[in-house]
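Colleague: I would like to go through the terms used for this model and hear what stands behind each of them.

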Amino acid sequence: MIKAKQYTCIGCPIGCPLQLQHEGKDITEISGYECDRGAKYAKQEFTDPRRDMSTTVEIIGARWKRLPVKVTGPVEKDRVMEAARKIHELRVRAPVKLGQILIEDFLDQKAIHVVSCRTMERID
Amino acid sequence: MYDVAIIGGGVIGCSIARELSRYQVRTVVLEKYAEVGFGTTKTNSGIIHAGHHSSPDTLKGQLVVRGNTLFDQLCSELNFGFARIGELVVAQGEEDIPVLEHLKKQGENKGVPGLEMWDQKRLQREEPNLSHKLVAALHAPSAGVINPYEFAFALIENAVDNGVELKVDSPVLKIDVVKDGFVFHTPHEQIASRFALNCGGIFADKIAQMVGLNDFTINPRKGEEYMLDKRLMGLVRRLIFPVPKPTTKGILIIPTFNGTIMVGPTAEDTDDRYDVTTSYDGAKQVFDFVSNICPSITERETITEFAGLRAVSNTNDFIMGPTNIKGFINVAGIQSPGLTSAPAIAEYVCYILKGEGLVLKPKGNFKHHVPGPPRFGTLGIEEQQKLIKENPLFAKIVCRCELVTEAEIHNAIDHGARTLDGIKFRSRAGMGRCQGGFCTTRCMDILAKRLGLSFHEITKRGGDSWIVTEMGKVKNR
Amino acid sequence: MLDRMEGKYDVVVVGGGPAGMGAALGARDSGAERVLILDREPEAGGILWQCIHSGFGLHYFREELTGPEYAERFFEKVIDYEVDLVTNSYVSGISVDSDGTKSVRVMNEEHGMDTVNTKSVVLSMGCRERTRGSIRIPGTRPSGVLPAGLAQKIVNLKGYLPGKRIAILGSGDIGLIMARRLTLEGCKVAGVFEIMPYSNGLTRNVVQCLEDFGIPLHLSTTVAYIHGLDRVEKITVAPVSKDLKPDMSRAWDVKCDTLLLSIGLIPENELSLSLGIQMDVVTGGPRVSSTLETSMPGVFASGNVLHVHDLVDFVTRESLLAGQFAGEWAQGVRRPADNIRLVPGDNVRYCVPHSLSPEREHTIYMRCKEAMMPCRIRVGNLMERKLRFVVPAEMIIFKIKPDLLDKFHGDTLRIDILPAEKGKRHD
């Protein structure tokens with residue numbers, strides 16, 4: 001049976017309303033896009049939607065109370081909240097360097113880490 | 001046991017507290033909010049009336065002129081912001097002129113100094129930004145403006161310096177009438193006194209009911225005010241009044257002490273004693289009216305708005321004096337010109353207390369003076385440099401809109417600020433056009449450090465007015 | 001004052017955010033020797049430190065970075081380029097001597113009040129958020145009504161939450177970003193309310209910050225009333241009619257303890273105004289020539305103090321240029337005065353700079369008044385460019401080549417955004 005999914009293209013401010021028809025895992029048709037970015041985006045969203053992920057963690061002994069961190073590769077959309085909870089369990093001690101790895105192979109993904117987004121010096 | 005308990009730390013309660021502190025009397029002030037002046041006082045228009053508006057047949061009409069004359073000395077002793085900028089009642093048509101003439105005569109009979117009729121030409125020369133359709137004006141040079149909250153803070157500070165006790169967060173829940181006086185129940189304690197002064201403002205009738213008095217009611221009348229951007233400073237130099245109506249002196253243009261222009265208030269009766277809401281209708285009323293008087297004022301210039309409640313009594317006059325309950329004295333129904341009358345009311349209440357048997361023996365060591373806040377932003381560069389030399393924290397800007405320094409935030413805390421609003425009303429941090437966008441976290445940091453509180457324990461104005469909450473609490477939910 | 005602040009600077013930059021850092025680098029690139037950044041915060045970088053989401057740097061670094069990463073990369077450059085940086089310092093005034101030297105008055109806890117002399121100045125103080133007062137929401141005045149950027153600082157730097165149940169007025173990007181941010185921290189975001197019939201944020205943010213988390217976006221809807229005495233208890237929201245007034249007959253209540261405002265930014269020009277610089281009432285920033293010089297000779301402006309940008313990359317690009325010209329100016333280079341005035345025409349809200357010179361290529365930054373699709377930009381009779389769309393939320397940037405201007409003999413060049421001509425295909 002053919003089913004339909006709707007997406008809004010994020011390629012540009014036009015925000016084309018995309019329609020994707022599929023039979024199980026097979027895409028049968030994509031429509032509604034003004035340029036190729038739309039088709040590509042709908043396909044990605046259907047097959048493997050992922051999101052960039054950044055948040056903050058507690059840091060001790062620094063100027064600010066929170067350290068900005070990010071995941072170095074996109075996280076599966078359905079696991080974003082889970083990822084946030086995991087990252088929030090972290091507590092870091094200053095000093096920290098920009099790009100310092102805080103969690104290695106995050107969510108069991110090889111070479112995808114949680115890293116610090118800035119340097120924070122130790123302040124006593 | 002106290003001699004006198006003052007119920008309510010508004011500008012009236014604070015004025016009386018300061019006046020009583022001249023004498024060897026044990027006085028306590030019971031204030032329900034986190035700081036004094038946080039009720040009607042802080043929303044007051046801040047006008048020191050010349051006195052020609054109110055009829056001499058009323059108590060308010062009698063006290064206002066005396067009150068006005070006391071402000072010069074009070075200001076020199078207590079260092080709150082006060083300036084006699086003068087007032088104009090403007091006539092929008094020929095039919096208004098007889099009213100101006102009546103006001104002039106009424107004022108002269110009451111001893112209001114310097115009243116003068118201005119014709120259109122004079123009015124345009126003195127206030128060129130007012131509408132050229134205005135035909136005449138009555139000038140009252142002795143009218144002025146103050147920052148009402150600063151006045152209340154200075155009064156209570158001076159009173160406390162002279163031995164008065166202040167209890168904040170202490171709403172009076174119940175009053176027992178006992179043999180020698182009264183016992184007041186607050187959430188924390190019971191306090192006994194011989195005399196009770198009911199300065200309960202909007203709630204004065206409810207306070208009176210606690211001792212079984214049902215002879216008056218307070219019918220709050222709401223006033224909305226709109227504060228305009230500093231950009232308009234100097235547009236109008238004097239207080240501008242329309243020709244008055246029975247319930248109100250009308251919607252005014254108020255160049256506040258700091259120069260920022262405020263417009264309002266509306267006048268709307270309300271049953272809700274907590275109704276300090278502003279409304280679309282109120283704004284429309286204010287700006288429709290004001291734009292007729294001063295066309296360059298528009299709603300777009302608003303930086304903030306607020307509303308306050310006038311404690312209008314069913315007699316439409318001040319209700320002051322002893323009651324059937326011995327020792328219980330009403331100081332109620334204090335509507336406009338209550339702020340102007342406050343110093344005279346304080347004198348009058350002492351006179352009443354004396355009549356009721358309280359011995360008022362002057363103190364030998366009464367301190368007249370409080371220093372007042374430093375107000376760095378208003379000083380010349382040399383004076384600023386001098387302050388910085390004394391205290392480097394004067395070189396650290398906390399509020400960029402009003403140029404308030406960290407030293408001034410500490411000063412506010414030294415002089416009683418316990419909340420973010422307490423800091424704002426003492427130092428002006430957060431009063432400018434960014435409305436705290438920049439200084440909020442800075443003020444919170446300093447408050448937290450000085451009061452030994454966590455960041456999330458800081459409130460805007462006490463009670464449930466928390467500002468931030470802890471992260472963990474949500475996360476672990 | 002400070003050892004390194006002694007003597008005379010070539011360029012003093014007021015504000016060390018992305019604009020100020022860009023201007024300082026541009027000034028050094030131009031050959032100016034002594035360049036100083038004065039910043040009121042404890043560290044340079046401005047608002048970027050609290051913008052922890054990604055989306056920065058695609059144009060400038062060709063790489064998608066978070067705000068702090070963008071800030072730190074620039075900060076390192078500032079150090080590499082031997083720019084002097086003094087933080088915790090507030091510029092309280094600037095005066096100009098008879099020989100054109102500027103005295104910048106600085107306040108700093110450690111060193112008190114002092115002045116720094118410089119040949120030229122770049123104003124890069126950034127912008128601030130519009131507040132409740134500027135849009136006039138009726139109701140009570142409880143704690144819990146705050147601009148979204150302040151909430152962002154509270155969460156990302158101070159480590160607290162502005163509340164637990166959040167409503168957001170305005171669909172600007174900061175509001176959308178905060179909707180996601182607070183959701184990730186466990187708050188409930190009850191909805192985003194936008195008075196216009198379209199979102200003011202990027203589509204990407206509408207999708208990834210709201211739709212992903214099931215947060216409703218109510219268009220053509222505004223907050224008509226705030227309830228709660230001490231703390232926000234609920235808000236009344238209402239659809240708006242064509243004149244943008246709330247229709248109270250269709251209003252409903254939303255329970256929340258916090259109302260974030262994401263209703264726009266205003267260039268922060270107190271210092272510029274105190275200098276008596278000519279302003280553009282539409283942008284809220286100074287009027288500038290094609291060298292980004294204000295009406296006061298030797299005083300330049302760039303970044304959000306000039307006009308509010310949507311992307312930090314464009315702030316950087318504009319600021320590098322302002323810094324270059326400020327640096328040149330300090331070294332005695334005087335460009336010929338602009339002789340073409342640039343004025344906004346149909347459907348153009350503003351354009352920056354305000355004048356041009358045929359001497360060199362120009363980058364024009366502009367915004368439209370209303371969305372239009374498809375459309376064309378017409379620059380006098382010199383050029384016309386087709387565009388698939390314009391929206392007010394997205395800045396339009398294009399270049400004008402000097403050879404085009406050479407052909408122009410008028411003194412006023414008008415820019416219009418017009419509907420695409422019928423029958424002609426757009427690309």
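**Terms and the values behind them**

Modeller: To begin with chain B, it has 13 helices and 23 strands. Bear in mind that this is a predicted model.

Colleague: What makes chain B agree with a compact globule?

Modeller: The globule rule is 2.2 Å times the number of residues to the power 0.38. For 477 residues that gives a radius of gyration near 23 Å, and chain B has 22 Å, so the value agrees with a compact globule. Along its principal axes, the C-alpha trace of chain B spans about 65 × 55 × 50 Å.

Colleague: How much of chain B is buried?

Modeller: Buried means under 20% relative accessible area, and 64% of the 477 residues in chain B are buried. The area that chain B exposes is about 18,400 Å², with 50% of it supplied by carbon and sulfur atoms. As for contacts between residues at least 6 apart in sequence, 72% of those in chain B join residues at least 24 apart.

Colleague: Why are H2(B) and H8(B) called roughly perpendicular to each other?

Modeller: Two packed helices are described by the angle between their axes and the distance between the axes. Here the axes of helix H2 (residues 59-78) of chain B and helix H8 (residues 338-355) of chain B cross at roughly 95° and come within 6 Å. Angles of 65 to 115 degrees count as roughly perpendicular, and therefore H2(B) and H8(B) get that description.

Colleague: Which residues make the contact?

Modeller: From H2(B) they include Leu59(B), Leu63(B), Phe71(B) and Leu74(B), and from H8(B) they include Leu339(B), Pro343(B), Ile345(B) and Tyr348(B). Lys60(B) and Arg66(B) of H2(B) and Glu347(B) of H8(B) also take part. By class, the contact of H2(B) with H8(B) has 11 nonpolar, four polar and three charged residues.

Colleague: And chain C: how many helices and strands are there?

Modeller: Chain C has nine helices and 28 strands. Its radius of gyration is 23 Å, close to the 22 Å from the globule rule for 427 residues, so chain C is as compact as a globular protein of that length. The C-alpha trace of chain C spans about 65 × 65 × 40 Å along its principal axes.

Colleague: What share of chain C counts as buried, and how much area does chain C expose?

Modeller: With the cut-off of under 20% relative accessible area, 61% of the 427 residues of chain C count as buried. Chain C exposes about 15,900 Å², and carbon and sulfur atoms supply 49% of it.

Notes:
Residues are numbered from 1 along each chain as its sequence is written. Chains are lettered from A and ligands numbered from 1 in the order in which they are written. This is a predicted model: local features need pLDDT of at least 70, side-chain atom pairs count only at pLDDT 80 or more; totals for chains, interfaces and linings use all residues. Side-chain values use heavy atoms; hydrogens and water are left out. Axes are lines fitted to C-alpha atoms, for helices over the stretch in contact, and angles run from 0 to 180 degrees between N-to-C directions. Helices (H or I, at least four residues) and strands (E, at least two) are DSSP runs, numbered from the N terminus. Angles under 35 degrees count as roughly parallel, over 145 as roughly antiparallel, 65 to 115 as roughly perpendicular and the rest as oblique. Contact means heavy atoms within 4.5 Å. Ala, Val, Leu, Ile, Met, Phe, Trp, Tyr, Cys and Pro count as nonpolar, Asp, Glu, Lys and Arg as charged, and the others, Gly among them, as polar. Buried means under 20% relative accessible area, exposed over 50%, partly exposed in between (1.4 Å probe, protein chains only). Accessible areas come from the Shrake-Rupley method with a 1.4 Å probe; for residues, only the protein chains shown count as cover.
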